[in-house]
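User: I would like to learn how to read domains, a sheet and a pocket in a model. Can you take me through one?

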Amino acid sequence: MTAQRLDGRKLAKTIENDLAPKVAALTREIGRPPRLVVVLVGDVAASASYVKSKAAAAKRVGITADVFSIQESTTTAELVSTVEAIGRDEHGPADGILVQLPLPDHVDARAVLDAVPPDRDVDGFHPVNAGLLSQGRPHFIPCTAAGVQKMLLDAGVKTRGKHAVIVGRSDIVGKPLALLLASRGPGGDATVSVCHSHTSNLKEVTQQADILIAAVGIPQLITADMVKPGAVVIDVGINRISDGGTSRLVGDVDYDPVADVAEAVSPVPGGVGPLTVAMLLENTFSAAKERKKRSFMAE
Ligand code: NDP
């Protein structure tokens, strides 16, 4: 079997093309483009590159993205106060606020993320948004989890009654994705298993998956013998490996052999990554639209 390749780039382009005219209309209504403020701490090359691609995508659809670059030596208190000031629009209107992770080890990331006002939390990491998602009334959904669900919906993959196995239980990917796939309605109603580093016999669990999602951060952890024939496999992992003097990106899934047994597989790069960015644009647009509604109601 040669699996269908789930093309995240193509879907992200479609999402951008749908969004651009809506952003243009909102820009006319509010008299300025929606604005995303990204807080980038330190000089981690991967983070800088993710921020660059988020800013470029924002520009393509007409959203302004401004990056606040902050020195690695900053403290938790300084960062919290910067994020709070951005949240009070002291640095211009901030419809969406995103703190690029990871933060340096000496910073309390939780405290910084909690400082983002929930109604501008376009990454969906604030406990209010995490709580709303867990109660089945989502507001801002974490972008990667939303992107995976979008990819499944777009590919016509049925989730209802299926067994979805997620490898990884992080707050930013695994957990929100488990909630989404187990939620009621389209793209949900799955029976969800969540695996992690203490799961015994991982292979026995993954072999039962109709839909297998890897969000671990270990190159090619998921091998063909761990995949049920005909399963849909989504690879969230992004790992840089050295290969004969050059470096390249690989996912958590051993793509070619897995594609021989699976029905569909998402590639890395070009799979979930572009959709994460597209969902961020959608969240930022929604945040700006809701803000307009709030200001209208306050008048
Ligand atoms: P975390 O490191 O926060 O979480 C990794 C998870 O994998 C943890 O739950 C951990 O278990 C589990 N794990 C580790 N080793 C094993 C193992 N041997 N078997 C089973 N489970 C294991 O990572 P993130 O969730 O932030 O990211 C996961 C991957 O996804 C990374 O490669 C990251 O770069 C990528 N990513 C990609 C995005 C995209 O847009 N495509 C966006 C965000 C992340 P435990 O909880 O027990 O430690």
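Analyst: Start with the domains. In this predicted model, the centres of domain 1 and domain 2 are 28 Å apart, taken over C-alpha atoms. Domain 1 covers 31-117 and domain 2 covers 143-274 in the domain assignment.

User: How do I find empty space, and what volume does the largest pocket have?

Analyst: Rolling a probe the size of a water molecule over the atoms shows where empty space is left. Here the largest pocket holds about 1,300 Å³. It is lined by 48 residues, and Tyr50, Thr144, Ile238, Gly273 and Thr276 are the closest to its centre.

User: Where does the largest pocket lie relative to domain 1 and domain 2?

Analyst: Between them, because both domains give residues to its lining.

User: Which element gives the largest share of the lining?

Analyst: Helix 2, with eight residues. Helix 2 spans 45-61. Other elements supply at least two residues each, including helix 1 (8-30), strand 9 (239-243) and helix 10 (272-298). By class, the lining has 27 nonpolar, 13 polar and eight charged residues.

User: Now the sheet. What is the strand order?

Analyst: Read 1-11-8-7-5-6, an open sheet of six strands with parallel pairing. Strand 1 (4-5) and strand 6 (191-195) are the edges, each pairing on one side only. Inside, strand 5 (163-167) and strand 7 (211-214) are joined by four bridges. One bridge pairs Ile166 with Ile213 of strand 7.

User: Which helices lie across these strands?

Analyst: Among them, helix 6 (143-154) crosses strands 7 and 8, at about 150 degrees to strand 8. Helix 7 (174-182) lies across strands 5, 6 and 7, running at about 175 degrees to strand 5. Helix 6 also supplies at least two residues of the pocket lining.

How values were computed:
Residues numbered from 1 in each chain as written. Predicted model: local features only at pLDDT ≥ 70, side-chain atom pairs only at ≥ 80, totals over all residues. Heavy atoms only, no water. Pairing = 2+ DSSP bridges. Contact = heavy atoms within 4.5 Å. Axes fitted to C-alpha atoms, helices over the stretch in contact; angles between N-to-C directions. Domains from an automatic or database assignment. 1 Å grid on protein atoms, 1.4 Å probe; cavity = no way out; pocket = protein on both sides within 12 Å on 5 of 7 lines; lining within 4 Å. Points joined across faces, edges and corners; volume = space filled by probe spheres on them. Nonpolar A, V, L, I, M, F, W, Y, C, P; charged D, E, K, R; others polar.
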